[in-house]
Amino acid sequence: MTRKFNGDRLLVATHNKGKLEEIADLLAPFGVTVVGAAEMNLPEPVEDGTSFVENARIKAHAAAKATGLPALSDDSGIEIDALDKAPGIYTADWAETDSGRDFVMAMTRAHDELLERGAPEPWTARFCCTLVLAWPDGHDEVFPGVMEGKVVWPMRGDQGHGYDPVFQPEGYDITFGEMDRWEKNKISHRADAFAKFVKGCFD
């Protein structure tokens, strides 16, 4: 039996403003006030887990413990089958540079590695998102979401963020980078995880 959320304030363990707005929009119908990690001056914990679930758990429990509020965190990334599911939990790390994140560099690296391996197309891939809601008493609930698709080249579209311009979701002929943000938010890996989260903790 999933534990229900019955408070009116939820801490979202992220310093990403876009992610915070997206989550606040999704929770607006439930009368929940969303606060971000930056507002609470929370440091970003070291994410040394070996899976999306472990990293999401680290962030959610650290935030719940520090504030006494239930905390929601997400860990997400792209898995490319022909690269042994890389970059996976290192999705953002592939984009790190001394002057911030460069996702064009990260997408180019993924494409170069596919060519180096002589991987035949289609380059099947999926976006994964794992949501964890943790309570201050140590209890948590886990909600995994996924969007199947493939990696395409060259990059297409300037919408979205991260690896969106090279990811074409199953059943579509455009990339996430070419897709209207609202359309993407309805079908994405995060939408899948959110639907499970809302059904489990709110409905």
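Which helices and strands each supply at least two residues of the lining of the largest pocket? In this predicted model, they are α1 (17-27), α2 (52-67), β3 (71-80), β7 (123-134) and α5 (189-201).

## The largest pocket

The volume of the largest pocket is about 940 Å³. Its lining is made up of 42 residues. Those that lie nearest the centre of the pocket are Lys19, Lys59, Asp75, Ala92 and Arg101. Among the elements that contribute, strand β3 gives the most, with 6 residues.

The lining of this pocket is mixed in class: 18 of its residues are nonpolar, 12 are polar and 12 are charged.

## The second largest pocket

The second largest pocket has a volume of about 210 Å³. Asn16, Gly18, Lys19, Glu21, Glu22, Gly160, His161, Arg181, Lys184, Asn185 and Arg190 line this pocket. Two helices, α1 and α4 (181-187), each supply at least two of these residues. Helix α1 gives the most, with 4 residues.

How many nonpolar, polar and charged residues does the lining of the second largest pocket have? There are no nonpolar residues in this lining, while 5 are polar and 6 are charged. Lys19 belongs to this lining, and Lys19 is also one of the residues nearest the centre of the largest pocket.

## Helix α1

Helix α1 supplies residues to the largest pocket and to the second largest pocket. Its buried residues are Lys19, Leu20, Glu22, Ile23 and Leu27. Seen down the helix axis, these buried residues of α1 fall within an arc of 165°, so they line one face of the helix. An α-helix has 3.6 residues a turn, so residues three or four places apart point the same way.

What do the buried residues of α1 pack against? Their partners are the strands β1 (9-12), β2 (33-36) and β3, together with the helices α4 and α5. At the start of α1, a side-chain oxygen of Asn16 comes within 2.9 Å of the backbone nitrogen of Lys19. Asn16 and Lys19 are both among the residues that line the second largest pocket.

## Lys184 in helix α4

Lys184 is part of helix α4 and of the lining of the second largest pocket. Is Lys184 buried or exposed? Lys184 has a relative accessible area of 7%, so it counts as buried, the cut-off being under 20%.

Leaving aside residues up to four places away in sequence, Lys184 touches His161, Asp164, Phe176 and Met179. Of these, His161 also lines the second largest pocket.

## Backbone exceptions

Most residues other than glycine have a negative phi, and most peptide bonds are trans. Some places in this model depart from that pattern.

Two peptide bonds that lead into a proline are cis. The bond from Ala86 to Pro87 is cis, with omega near -5°, and Pro87 is in strand β4 (residues 86-87). The bond from Glu121 to Pro122 is also cis, with omega near 0°, and Pro122 is in the loop between α3 (103-116) and β7.

Positive phi values occur at Asn41, with about 55°, and at Lys85, with a value near 70°. Neither Asn41 nor Lys85 is a glycine. Asn41 is in the loop between β2 and α2, and it is exposed, with a relative accessible area of 68%. Lys85 is in the loop between β3 and β4, and it is partly exposed, with a relative accessible area of 45%.

Methods. Residues numbered from 1 in each chain as written. Predicted model: local features only at pLDDT ≥ 70, side-chain atom pairs only at ≥ 80, totals over all residues. Heavy atoms only, no water. 1 Å grid on protein atoms, 1.4 Å probe; cavity = no way out; pocket = protein on both sides within 12 Å on 5 of 7 lines; lining within 4 Å. Points joined across faces, edges and corners; volume = space filled by probe spheres on them. Nonpolar A, V, L, I, M, F, W, Y, C, P; charged D, E, K, R; others polar. Buried < 20%, exposed > 50% of the residue type's maximum accessible area, 1.4 Å probe, protein only. Arc of directions from axis to C-beta. Contact = heavy atoms within 4.5 Å. Polar contact = N/O pair within 3.5 Å; in protein donor to acceptor, adjacent residues only side chain to side chain.
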